[in-house]
Amino acid sequence: MSRRPARAEQPHGSGGVTVAGDRVLTLPNLISAVRLLGVPLFLYLFLVVEADVAAVVVLAIGGTTDWVDGWIARRLGQVSRLGELLDPLADRLYILATLLAFTAREVVPWQFTAALLAREALLLGSLAVLRRHGYGPPPVHYVGKTATFLLLAAFPILLLAQTAGAVATAASAIGWGLAWWGLVLYWAAGAMYVVQAGRLVRAVRARSGGAAA
């Protein structure tokens with residue numbers, strides 16, 4: 001990790017790598033922006049008008065397109081620094097908004113929500129420490145992406161379990177299976193980020209101590 005916000009590197013061109021650019025108007029960024037717009041739409045459908053079926057559709061689209069923007073960015077060589085911010089931002093907003101809405105409607109227990117929010121607090125603390133030492137956020141790990149995918153897949157299934165009587169039992173079992181695995185991997189990814197941050201901080205202090213000597 002460099003002493004600045006992490007930039008993705010992708011195979012492309014001579015030398016085998018390209019660094020994320022400054023482009024804004026790209027197809028991946030447009031997809032991420034649309035995903036962000038889905039967050040308030042879901043909250044309106046779920047909490048205001050209680051159109052649960054429509055809310056399931058919005059959640060399902062938001063979850064299944066989680067990987068699309070990143071895949072297109074790598075495929076078309078359109079990796080950008082804005083995209084590196086928008087993609088995880090959309091993921092976190094979907095998870096947080098869904099958790100709070102589901103807790104308000106008692107789809108999930110508050111203990112589950114508290115466990116995920118505690119992990120977010122841990123990660124925010126790690127990011128604050130990294131920034132204090134001049135580092136940007138760590139690159140997204142595949143464990144974290146897998147956890148996000150499982151959680152975003154679990155949420156519409158859990159909501160479906162509340163609205164479909166004939167398949168409610170099966171949907172509940174599948175949804176909670178995905179949710180609990182997602183929670184475990186979410187915390188595992190968080191622990192990996194904390195360990196990585198600790199190593200970087202120790203390395204900075206070691207260099208500072210050597211320079212002082």
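## Threonine 98 in helix 4

Let's start with threonine 98, which is found in helix 4. This is a predicted model, and in it threonine 98 has 0% relative accessibility, so the residue counts as buried. The cut-off for that label is under 20% relative accessible area.

What is threonine 98 in contact with, once its neighbours within four places in sequence are left aside? The partners are Phe42, Leu59, Leu93 and Phe155. Two of these names, Phe42 and Phe155, come back in the aromatic cluster described next.

## The aromatic cluster

The structure holds 7 aromatic pairs. One of them joins phenylalanine 46 and phenylalanine 102, with 5.3 Å centre to centre and 50° between the planes, which makes the pair tilted. In terms of the chain, this pair links distant parts: phenylalanine 46 belongs to helix 1 (residues 27-48) and phenylalanine 102 to helix 4 (residues 81-104), 56 residues apart. Both phenylalanine 46 and phenylalanine 102 are buried.

Zooming out a little, Phe46 and Phe102 form one aromatic cluster with Phe42 and Phe155. Since Phe42 and Phe155 are also contacts of threonine 98, the cluster is a handy place to look when you inspect that residue.

## Arginines over rings

Where does arginine 105 lie relative to phenylalanine 46? Arginine 105 is over the face of the ring, at 4.3 Å from the ring centre. So phenylalanine 46 has a tilted partner in phenylalanine 102, and it also has an arginine over its face, because a charge sits over a ring if CZ of Arg is within 6 Å of the ring centre and within 35 degrees of the ring normal.

A second arginine does something of the kind elsewhere: the charged end of arginine 119 sits over the ring of tyrosine 186, 3.8 Å from the ring centre.

## Two loops with positive phi

After helix 1 comes a loop that leads to helix 2 (52-64), and valine 49 is found there. Valine 49 counts as partly exposed because its relative accessibility is 40%. Glutamate 50 is found in the loop between helix 1 and helix 2 as well. Its phi is positive, about 55°, although glutamate 50 is not a glycine. At 49% relative accessibility, glutamate 50 counts as partly exposed.

Glutamate 106 also has a positive phi, near 60°, in a residue other than glycine. This one is found in the loop between helix 4 and helix 5 (110-132). Is glutamate 106 buried or exposed? Glutamate 106 is exposed, because its relative accessible area is 68%.

## Surface patch

Valine 49 turns up again on the surface, where Leu41, Tyr44, Leu47, Val48 and Val49 form a nonpolar patch. Together these residues have about 450 Å² of accessible area.

## The whole chain

Now for the overall picture. The protein chain has 7 helices and 2 strands, and from the N terminus on the elements run β-β-α-α-α-α-α-α-α. Of the 213 residues in the protein chain, 40% are buried. The accessible surface comes to about 11,500 Å², and 68% of it belongs to carbon and sulfur atoms.

How much of the contacts with a separation of 6 or more comes from residues 24 or more positions apart? The share is 80% in the protein chain. The pair of phenylalanine 46 and phenylalanine 102, 56 residues apart, is an example of a link between distant parts of the chain.

Terms used: Residues are numbered from 1 along each chain as its sequence is written. This is a predicted model: local features need pLDDT of at least 70, side-chain atom pairs count only at pLDDT 80 or more; totals for chains, interfaces and linings use all residues. Side-chain values use heavy atoms; hydrogens and water are left out. Rings of Phe, Tyr and Trp (its six-membered ring) pair if their centres lie within 6.5 Å; planes under 30 degrees apart count as stacked, over 60 as edge-to-face and the rest as tilted. Helices (H or I, at least four residues) and strands (E, at least two) are DSSP runs, numbered from the N terminus. Buried means under 20% relative accessible area, exposed over 50%, partly exposed in between (1.4 Å probe, protein chains only). Contact means heavy atoms within 4.5 Å. Accessible areas come from the Shrake-Rupley method with a 1.4 Å probe; for residues, only the protein chains shown count as cover. Patches are made of residues with over 30% relative accessible area and no salt bridge: like charges are joined within 9 Å, nonpolar side chains (Val, Leu, Ile, Met, Phe, Trp, Tyr) within 5 Å. A salt bridge is a side-chain nitrogen of Lys or Arg within 4 Å of a carboxyl oxygen of Asp or Glu.
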